[in-house]
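I opened this notebook to record what I looked up in the structure, entry by entry. The entries go from the overall fold to single residues.

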Amino acid sequence: MKLRYFAWVREQIGRPEEEVELPEGVETVGDLVRWLKTRGEEYGAAFEHEKVVRAAIDRVHVKPAARLEGASEVAFFPPMTGG
Amino acid sequence: MAVHLQEEPFDTGAWIDRLTAGRTDVGAVVSFTGLCRADGETGTIQAMTLEHYPGMAEEELGRLEDEARARWPLLDVLILHRYGRLVPGDPIVLVVTLSSHRAAAFAAADFVMDYLKTSAPFWKKEENERGPQWVEAKASDDAARDRW
């Protein structure tokens, strides 16, 4: 699965994207965040305020309870500030 | 007319001319042009950089266009957003709505901007005298969206 990061989430993690193999038991976006936080300080910093970070599955906004099954790309980013 | 993402500046008047050329059914054109302000969200700024999520940005703006067309009798819609580095005075975003009558055109343009602010994947980083700083999302933008 491809993970993509934007804005300060990208800066804190230190890379714009990566490929990951999901371990057993990681079934939702919320599970994925909790697993990422175990992978290093940079993830801990990016997801320190878990509820602030938004997610999209295959370029559509989703909530933390959204299931990852069938997803090819999951993105994490701060609340949007365009316009 | 749909959705455009571009790094270059745009000309609002030229876009309105293009959208209305040769048409005799349009009674109302509403346009909103958003500009980069010197008094930014983080203080006085020299410039800002707009980051976006390529692919999702186009798709999300397309979903906003579809929703606007479903809610109001629109004859055409244009949503144009820039990315990259902008300086104060530069145009950032353009929304143009065309309808037979003004009420639909006004409402649809307002709706598109309110949703764009909170759901289109763009992020502003402002450059002020303390260095670069990400702009924080505003609760007032969420409130504006929730009116619809």
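Entry 1, fold. For the element pattern I took helices (H or I, at least four residues) and strands (E, at least two) as DSSP runs, numbered from the N terminus. The model is predicted. I counted 4 helices and 9 strands in chain B. Following the sequence of chain B, I read the order β-α-β-β-β-α-β-β-β-α-β-β-α.

Entry 2, dimensions. I compared the radius of gyration of chain B with the globule rule: for 148 residues a compact globule would have a value near 15 Å, and the 16 Å of chain B agrees with this. Along the principal axes, I found that the C-alpha atoms of chain B fill a box of roughly 50 × 30 × 25 Å. I noted 33% of the 148 residues of chain B as buried. Of the contacts in chain B between residues at least 6 apart in sequence, 77% join residues at least 24 apart.

Entry 3, core. Which residues have the most contacts inside the largest nonpolar core? I listed A:Phe6, A:Val9, A:Ala75, B:Ile79, B:Val95, B:Ala108 and B:Val112, in a core of 51 residues. Helix α3 of chain B, residues 102-119, gives the most to this core, namely 8 residues. In soluble globular proteins, nonpolar side chains tend to be buried together. Leaving aside residues up to four places away in sequence, I found B:Val112 touching B:Leu64, B:Ala68, B:Ile79 and B:Val95.

Entry 4, helix α3(B). I checked its span: the 18 residues reach 26 Å from first C-alpha to last, close to the 26 Å expected at 1.5 Å a residue. Its buried residues include B:Ala104, B:Ala108, B:Phe111, B:Val112 and B:Tyr115, and also B:Asp114 and B:Lys117. I traced their cover to elements of chain B including β2 (28-35), α2 (56-71), β5 (74-82), β7 (91-99) and α4 (139-146).

Entry 5, interface. I found 14 residues of chain A in contact with 22 residues of chain B. On the chain A side, α1 (7-13) and β5 (73-77) are the elements that give two or more residues. By class, I recorded 9 nonpolar, 4 polar and 1 charged residues on that side.

Entry 6, B:Glu51. Is this residue of strand β4 (residues 43-52) of chain B buried or exposed? B:Glu51 is buried, because 20 other C-beta atoms lie within 10 Å and the cut-off for burial is 20 or more. Residues up to four places away in sequence aside, B:Glu51 touches A:Phe6, A:Ala7, B:Trp123 and B:Lys125. I also noted that B:Glu51 and B:Gly40, 11 residues apart in sequence, are 16 Å apart in space, C-alpha to C-alpha.

Definitions and conventions: Residues are numbered from 1 along each chain as its sequence is written. Chains are lettered from A and ligands numbered from 1 in the order in which they are written. This is a predicted model: local features need pLDDT of at least 70, side-chain atom pairs count only at pLDDT 80 or more; totals for chains, interfaces and linings use all residues. The radius of gyration is taken over C-alpha atoms; the globule rule is 2.2 Å times the number of residues to the power 0.38. A residue is buried if 20 or more other C-beta atoms lie within 10 Å of its own, exposed if 12 or fewer, and partly exposed in between; C-beta atoms are placed from the backbone. Two residues are in contact if their C-beta atoms, placed from the backbone, lie within 7 Å. A nonpolar core is a set of buried Ala, Val, Leu, Ile, Met, Phe, Trp, Tyr and Cys residues joined through C-beta atoms within 7 Å. Ala, Val, Leu, Ile, Met, Phe, Trp, Tyr, Cys and Pro count as nonpolar, Asp, Glu, Lys and Arg as charged, and the others, Gly among them, as polar. The expected span of a helix is 1.5 Å times one less than its number of residues.
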